[in-house]
Amino acid sequence: MKHTTDDFPQWPRVARRRRLILLVLILLPTIAATGYMAQVLPHRGTTPMELAVVLIFALLYGWISIGFWTAMAGCLIRITGREPYRISRIVGPEDADIPEDARTAIIMPIYNEDVQRVFAGIASIHESLARTGQGGRFDFYILSDPGDPDIWVQEEMAWAQIQRRIKDSPCRIYYRQRRSNTKRKSGNVADFCRRWGRNYRYMVVLDADSIMTGNTLVQMIRIMEKRPRIGILQTPPKAVSRDSLIARIQQFANHVYGPMFAAGLNYWQLGDSQFWGHNAAIRIEPFMKHCALPRLSGRPPLGGDILSHDFVESALMRKAGYEVWLACDLEGSYEEMPPTLLDELKRDRRWCQGNMQHMRLLFTRGLYGAHRVLFLSGIMSYVSALLWFLFLAASTVMAVLQEIREPDYFPTGHSLFPDWPVWETQWAFVLMISTTIILFLPKICSILYVAFQQGKSRPFGGWAGLLFSFITEVLVSTLLAPTRMLFHAKFVFMTLLGRQISWEAQQRDAEGTSWREALRFHWTGTVFGLFWGLVVFLVNRSFFWWLSPILISLVLAIPLGVWLGSRQTGQWFRRMGLFLIPEEKSPPPELTALAASSDQSREPADFTRAVVDPVLYSLHLSFFQKWRTPSSAVAERLRGICEKALSLGPLSLDDREKKAVLSDPASMAFLHEKVWQLPDDSLVHQWGIPVCLPPAVP
Amino acid sequence: MKNKTEIPIYPRFLPVSGENAVQEDRQWQMARDRVLAYLNALDFSAVEALELCVSVMDRARTEREHNGKGEPVAASMQILRRMLQENMVASDLGTALENGGLPVVPPVPELNRASMISEHPFPSLFSGMFPFRKKANRTLQGFSCLLMMILLAFGYFIL
């Protein structure tokens with residue numbers, strides 16, 4: 001049955017009912033499990049230390065229960081196929097064409113990204129849109145923030161080359177270089193909205209590694225057109241196109257477990273869903289009116305620019321009366337995973353800081369309760385690591401103290417009967433089993449769902465491939481959990497202390513994580529694990545065995561990081577038929593085109609070539625709408641930079657100076673003219689002026 | 001006595017002799033190479049590039065003879081750029097780009113400006129209720145203090 005627009009006003013009531021059920025499902029088992037936990041402890045949770053352990057346990061148990069029940073709801077929906085509140089159902093065949101005035105800008109904010117990948121992705125989406133016949137309703141905007149000056153020149157060249165391919169297309173591709181990266185990504189998007197937002201009704205936000213099929217884009221706009229109350233429509237992107245083992249494992253997990261979680265999220269969020277920052281369509285007018293973000297007072301990490309802007313934008317959109325939906329069943333939306341564990345942790349550091357900023361927004365007036373919970377859930381996704389660490393630390397302290405301190409038989413003062421401080425291990429086993437069920441049952445259900453669906457297991461490597469991939473994924477994710485916990489706990493702790501964690505530029509080779517790099521980042525965890533293990537082993541051996549899975553993971557962090565980040569290992573697993581995903585068995589044309597474009601070699605372009613090569617120089621100047629005259633002080637500084645470049649060569653300039661020259665067309669013209677007039681000496685070679693230059697574009 | 005036949009050689013093709021002349025000729029060679037390199041970068045055809053190069057060199061020599069100063073490389077490149085501009089080649093960015101195989105399209109459409117102003121820092125549910133919250137809300141250093149207190153409390157209970 002096709003739903004009409006009028007079916008959906010009831011969703012807030014339905015959502016309230018569903019959320020109440022979820023709350024009960026979380027609270028009851030958590031209360032029961034917390035009671036069990038108190039029973040496990042020697043003094044039944046009556047001492048302050050035990051009370052702290054029990055409280056932390058309750059928080060952690062409740063937290064993992066949310067994921068469990070969300071997954072279970074999703075599983076039920078997928079098995080029964082019954083979910084009347086799927087937003088994609090509101091459009092039918094009669095809504096096939098997008099009206100002419102419903103124009104959409106597909107924007108890709110980028111900052112120092114891999115130029116080849118960015119433009120290959122754009123070209124692939126462009127071709128896909130052209131195949132739908134609706135390409136004329138869309139324009140692309142590559143919104144570059146200033147970073148590396150060489151990348152700036154490469155982007156301009158790549159943009160000019162892509163123009164040749166789309167010469168007669170009604171769907172244009174524009175490129176804009178921002179002068180300053182104020183407010184980072186959210187500022188970049190806001191800058192687009194201020195300049196050209198009025199030309200479009202919708203915008204689809206993409207990340208540099210996003211790919212979306214033309215059909216999906218058209219379908220999203222059709223949904224937005226059909227239901228004008230939707231402010232943001234999010235798609236669940238699928239992870240693809242990576243070769244390293246860790247990324248392949250995550251791709252597999254994302255494909256097998258992801259749809260179930262997405263269906264579960266939609267079950268209780270409905271029109272109060274989240275914006276994940278990319279692969280989503282946004283109604284521009286209300287976005288411009290209600291979703292501009294202020295800068296938080298105070299200094300980073302908890303003040304300054306809002307880093308995780310997407311959660312806040314969806315909350316503000318909802319506050320303004322517009323709905324935010326997750327189109328959980330829309331296919332054709334892709335993204336790429338970080339290739340190594342260190343890359344993932346680097347990303348998590350940024351996300352952690354952004355999510356922790358949301359503590360300051362939790363009590364913002366006018367927000368919907370669901371979005372406050374989403375803020376809290378974002379915060380908890382990192383704070384839970386610190387809580388887990390505190391839980392383990394407190395348990396260890398208790399276990400150690402039990403061995404080295406005289407037992408206290410009367411902890412509550414005078415009493416007729418002594419209180420024997422005994423660890424009730426049978427309750428501990430019950431708790432362990434229930435926690436294991438909560439953590440792994442959703443994964444088992446997902447695997448069974450895929451395995452028993454007609455033909456669904458084949459793209460995953462058949463029954464055997466699916467089973468072995470599942471077992472390995474569970475093992476690896478279990479092994480990685482303590483390492484992630486340690487890093488996340490550190491991120492949270494440092495953020496709360498008001499300190500930013502410094503990450504130097506990674507020296508990641510093409511094949512993944514080097515041993516040196518892994519050693520540099522993981523040695524503290526390894527030493528900590530060894531020390532922790534040694535102390536517990538010497539003092540309380542029975543507790544050591546309980547703790548051993550955590551300790552093994554920490555001790556193995558270095559080889560694990562190297563092994564998981566390796567492309568060769570990932571490819572070996574692929575050859576063995578493990579961690580396969582349907583997009584590898586039968587890749588959609590968009591991903592095939594992306595791979596083909598990414599493999600093409602491009603001519604190198606950099607600052608020096610932009611100054612010397614007359615074509616690149618002319619191209620660069622063509623990006624200036626008008627030549628602004630700089631102030632006398634700025635002009636003097638620029639002249640100084642030019643003189644320095646002419647007398648000492650391009651290598652004498654740093655990135656800031658190069659960007660200053662690139663930003664000023666008059667300086668570029670001056671340098672271009674003077675460089676070609678240099679006498680023949682070593683400077684000419686530094687500038688790369690050959691006897692006969694090859695043509696700029698083959 | 002053997003009758004030797006003198007082959008008349010056009011003076012222009014006589015090899016250059018004398019240190020100064022050799023030096024000067026080298027500079028002219030450099031100027032020629034630089035002009036050709038520039039034209040090649042603009043993707044001029046070989047014949048066109050050579051013709052233009054000859055014109056540039058002639059004009060540069062003439063100007064130098066008149067003025068008696070200027071480096072051949074600098075003089076030739078100035079004349080080349082002037083000639084290109086006169087012929088509407090280099091000054092016309094479009095032609096330059098097309099010569100380089102790049103299309104001429106605006107990188108961005110016409111501006112259609114609008115405002116997008118953020119609400120002043122998110123108003124808190126409790127703003128006005130507790131004046132001292134403002135400070136705590138602003139920096140959240142209180143959270144870190146709280147954390148430190150929890151850790152100290154842990155230490156106290158342990159000891």
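The following paragraphs lead through the core, the parallel strands, a small sheet and one helix of this structure.

The model is predicted, and local features are therefore limited to residues with pLDDT of at least 70, side-chain atom pairs count only at pLDDT 80 or more, and totals for chains, interfaces and linings use all residues. Residues are numbered from 1 along each chain as its sequence is written, while chains are lettered from A and ligands numbered from 1 in the order in which they are written.

The largest nonpolar core, a set of buried Ala, Val, Leu, Ile, Met, Phe, Trp, Tyr and Cys residues joined through C-beta atoms within 7 Å, holds 209 residues. A residue is called buried if 20 or more other C-beta atoms lie within 10 Å of its own, exposed if 12 or fewer, and partly exposed in between, with C-beta atoms placed from the backbone. Ile107(A), Ile122(A), Ile142(A) and Leu233(A) have the most contacts inside this core. Leaving aside residues up to four places away in sequence, Ile142(A) touches Met108(A), Ile110(A), Val118(A), Ile122(A), Trp159(A) and Tyr175(A), contact meaning C-beta atoms, placed from the backbone, within 7 Å.

Ile142(A) belongs to one face of strand β2(A), together with Phe138(A), Phe140(A) and Ser144(A); the other face carries Asp139(A), Tyr141(A), Leu143(A) and Asp145(A), and both sets are buried. Because eight of the eight residues of this strand (residues 138–145) are buried, β2(A) is largely enclosed by the rest of the structure. Helices (H or I, at least four residues) and strands (E, at least two) are DSSP runs, numbered from the N terminus, and two strands pair if DSSP finds at least two bridges between them.

Strand β1(A), residues 104–111, runs parallel to β2(A) and is joined to it by eight bridges, with Tyr141(A) as the bridge partner of Ile107(A). Five bridges join β2(A) to the parallel strand β3(A), residues 173–177, where Tyr174(A) is the bridge partner of Tyr141(A). Helix α3(A), residues 115–132, completes a right-handed β-α-β unit with β1(A) and β2(A), right-handed meaning that, with the strands pointing away from the viewer, the path from the first strand over the helix to the second runs clockwise. Helix α4(A), residues 149–165, likewise makes a right-handed unit with β2(A) and β3(A).

Elsewhere, three strands of chain A form an open sheet of mixed pairing in the order β5-β10-β7. In the antiparallel pairing of β5(A) with β10(A), Met212(A) stands opposite Ser333(A).

Helix α6(A), residues 214–226, is mostly covered, with 10 of its 13 residues buried, including Leu217(A) and Arg222(A).

Note on methods
Two residues are in contact if their C-beta atoms, placed from the backbone, lie within 7 Å. The expected span of a helix is 1.5 Å times one less than its number of residues.
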